[in-house]
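Me: I would like to go through this model by question and answer. Please begin with the term needed for the burial figure.

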Amino acid sequence: MKCLVTGGNVKVLGKAVHSLSRIGDELYLEPLEDGLSLRTVNSSRSAYACFLFAPLFFQQYQAATPGQDPLRCKILMKSFLSVFRSLAMLEKTVEKCCISLNGRSSRLVVQLHCKYGVRKTHNLSFQDCESLQAVFDPALCPHVLRAPARVLGEAVLPFPPALAEVTLGIGRGRRVILRSYQEEEADSTVKAMVTEMSIGEEDFQQLQAQEGVAITFCLKEFRVRPPVHTHHPVHSPPCRAQGLTALPLPSQGLLSFAESANLSLSIYFDAPGRPAIFAIEDSLLEGHFVLATLLEPDLHAQDLHSPQLQRPAPPLQAHSTPHLDDFAFDDIDSYMIAMETSVGSEGSRALPSISLSPGLQPHCSPGPCSEEEDDAEPSTVPGTPPPKKFRSLFFGSILAPAHSPQGPSPVLAEDSEGEG
Amino acid sequence: MKFRAKIVDAACLNHFTRVSTMIAKLAKTCTLRISPDKLNFVLSDKVASGGVSMWCELEQANFFSEFQMEGVSAENNEIYLELTSENLSRALKTAQNARALKVKLTNKHFPCLTVSIELLSVSSSSRVVTHDIPVKVIPRRLWRDLQEPTVPAADVSIYLPVLKTMKSVVEKMKNISNHLIIEANLNGELNLRIETELVSVTTHFKDLGNPPPASGHASQDHDPERMTEVHVDVRKLLQFLAGQQGNPAKATCNIVSNKMVHFDLLHEDVSLQYFIPALS
C-alpha cells in the first residue's frame, strides 16, 4: 500500500486521526480498493469509529502492489497520533505526507515532507490483524436526524465536560431535545444538575423520527475532549470565565471534525439499546462513529423526570433484520456493539443475515480481497444505492459453526444473558 | 414559597454571571438567600468550610427586570436555598448571547432552581436551554446561622493593594509554607510574611492608607507604627484572592489580632465580605 496526501488534506487526515484517538487505543489501517480505511474500537467495545478516505482524497493511491493482496495492519493509536500530534505544525510546515505499508519491511512508514526540504520519517511497527468491522447499517435505522455540525456543536455546548451521557430525543412540537442523563442511583444526597437543550425542527436538515423517541449515548466520545483539570488551577486564564467556547482542543471528536470541515452530521438511531450511528460524508471521505446506547429500562426511569420527552416507543419487534438484534447489547449494561473480524473469506460473502460458514477459521490466510472489502461503508444518504450486505462474522461465531442462519446464535445469546 | 425572576439586559446578565463565577471559586456550596430587595450568597461559619465565612450581597433591582418572590410567611418573607455554586455558575455561563434568562424555584421530583435561557441563534429559530439545579430548602429554624455576620471591632483596618499583585505574592509563598502572617499598622503598611526553619520571607506594601476609624476610640491609643498580626492558612487566603476578577472599587482588610481577618470588597454594586479565622 502506498498513498500520498498533499496540502490541506494532510491536516484533514490528522484531524481524523485525532478524532479516532478519542475512541480507541489501536488503529486498524486497511487499504481497500475504494479508499483507505482507518478504524478503531474502544476497549469496552461500546464505541467504534471508522473513516474511509476515497482514492480521490489522495494525490496518489495504491491499495496493493499489483499482483499482491492488500495488507492490513493494526498499530498503536499513540504512535500514529504522534505523527499528527500538532495540527498547527501540519498546516504550517507539512507539504505532503506519504504512507506506505509493505510486507517485507514490516514497518508502516509515514513520511512527512516539510518545508525547506525537511523530511520526517516515522517507522511504525505494526501487527497483522483481521479486518475490524462493526455490524451496523444506517439504512436499517428508522430514525434519522441531520443538521450542520455547528448546530449540534452548539447544542452540546451547555453540557458540562465531565458529563458522561446524554439523552437525545424528540419532544413535543417535534423539538429536538438533548438532556443530561442521570443514573438512577443518583438519588438521595448528591443530585446533579440536569441540563436540557431544546432546538426547533427548523435547525435540522432532516428530522425523521416521531415525537417520543429517545436514545441515551455517551457524549464524551462524540464531542471534543475537554482539557483535563485535575484541580482548580489557581492561575486559570481569564478566558475560563468566557465560557466553553474558549477551550483549547487537544483532541477532537467526530463532532469537531465535522464542524471544522463544515459538514452535516447525520444521526441514525433505533430503539434504546441499539447502536446509534453518527455519520459524515462528502465526496472525498466518509466517517462513521457507532456508539452504544443505553437500554430502555434506564431510559424509562429517566423518562419519569422528563415531561417533555414522552415514553419512548417500544422496540420494534417486527424489525426486518432479526439478526441485528443479537449484537445490540452486552451482558452487563448493554453497552457493547458487536464487532466482527473478517478474514475476507468468500464463505460469508452472500450473507444477508448472519449465516455462519462452518469452515471459517479466525486466523486463516486472507482470502482473495477485492472491492468487497469496503463493507465498512454502507451508503447512508438517501438516493444513493442500497448498502452492501454485511459479509463478516461476529467474534466467536466460529465456535458454533453449525447452527442455522435464522436461529438465534448460542454465542450471542450468551453475551446477552444478563439482560432482563 | 415562590420565586421567579428574569434578566433581559445583556450587561446585567454578564455581571450576574461574573458574580456567580466568583462565588463558585470562593465556596463549593453556598446558601442563596432571597428576599424582596436583595440576593445574598452566604457561606456560614461551618466546620466544613474550615471556619471561613462569606457574605455576598447584591440589590436585585440592579440585575433583574422582573423579580417576584413570596417567602415562608409575610413576616418571614425570605427564602434560603443551599446549592452547589459551581452548578449556578456553569448554568449562567451558557447564557452568553442569551435573549433572556429566567430563574425559577421549581419542584421537579426534588426542589430545583431552574435557570431557563432563551438563546439567540443564527436562524431565528428558538433554542432553549434549561438547567435544573438541585437545591435544598433550608428550614426556618436554621436561618439564624445564616445571618449577616457581625464584623468584630478591628485592631487595624487598611486598604488592600492591587489584588492581582497580592495573589501572585501569596501564590509563591504557598510553595514554601502553609502558614502566612498578615500584619498591618495604622501607617498604611501591610506585610505578608512566611516563616520556616530555613527561610523567612516578607513582602512589604506601603502607603496603602487606612480607612477612618468607625467609632474613633479604640485605635487612638495605638502606636501607628505598631504591627497587628494574624496567622492564617495560606490556602484559604489564596482561595479568596483567586476568586477575584478585576479590581474592586474598594477593598479593605480588617485585622482582629490573632483572631481573624475580614476582607470587605465592593465590586460595582456587589459587596463581598470574607472572613478567614486565625490559626491558633
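Reply: A residue counts as buried when its relative accessible area is under 20%, with a 1.4 Å probe and protein chains only. The model is a predicted one.

Me: What percentage of the residues of chain B count as buried?

Reply: The figure is taken over the 280 residues of chain B. With the cut-off of under 20% relative accessible area, the buried share of chain B is 52%.

Me: What radius of gyration does chain B have, and why does it count as compact or not compact?

Reply: The secondary structure of chain B comprises four helices and 18 strands. For 280 residues the globule rule gives 19 Å, and the value for chain B is close to that, so chain B is as compact as a globular protein of that length. The C-alpha trace spans about 65 × 45 × 30 Å along its principal axes. The radius of gyration of chain B is 21 Å.

Me: How far apart are the C-alpha centres of the two domains of chain B, domain 1 and domain 2?

Reply: The domain assignment places domain 1 of chain B at 2-146 and domain 2 at 156-277. Between them, 20 residues of domain 1 are in contact with 17 residues of domain 2. The distance between their C-alpha centres is 30 Å.

Me: Which residue is the bridge partner of B:Arg193 in strand 14 of chain B?

Reply: Strand 13 (residues 190-195) and strand 14 (residues 200-205) of chain B run antiparallel and are joined by six bridges. The two strands form a hairpin, with four residues between them. Opposite B:Arg193, the bridge partner in strand 14 of chain B is B:Thr202.

Me: Which strands stand at the edges of the open sheet in chain A?

Reply: Ten strands of chain A make up this sheet, in the order 10-6-2-3-4-20-19-18-12-16 and with antiparallel pairing. The two edge strands each have a single partner strand, so one side of each is left without a neighbour in the sheet; they are strand 10 (127-128) and strand 16 (206-208) of chain A.

Me: Which residue of strand 20 of chain A is the bridge partner of A:Ala279?

Reply: Strand 19 (residues 276-281) and strand 20 (residues 285-291) of chain A are antiparallel, with six bridges joining them. In strand 20 of chain A, the partner of A:Ala279 is A:His288.

Me: At what angle does helix 1 of chain A run to strand 4 of chain A?

Reply: Helix 1 (residues 8-21) of chain A lies across strand 2 (26-32), strand 3 (35-41), strand 4 (47-53) and strand 20 of chain A. Relative to strand 4 of chain A, helix 1 runs at about 165°.

Conventions: Residues are numbered from 1 along each chain as its sequence is written. Chains are lettered from A and ligands numbered from 1 in the order in which they are written. This is a predicted model: local features need pLDDT of at least 70, side-chain atom pairs count only at pLDDT 80 or more; totals for chains, interfaces and linings use all residues. Side-chain values use heavy atoms; hydrogens and water are left out. Two strands pair if DSSP finds at least two bridges between them. Contact means heavy atoms within 4.5 Å. Axes are lines fitted to C-alpha atoms, for helices over the stretch in contact, and angles run from 0 to 180 degrees between N-to-C directions. The radius of gyration is taken over C-alpha atoms; the globule rule is 2.2 Å times the number of residues to the power 0.38. Buried means under 20% relative accessible area, exposed over 50%, partly exposed in between (1.4 Å probe, protein chains only). Domain bounds come from an automatic or database domain assignment.
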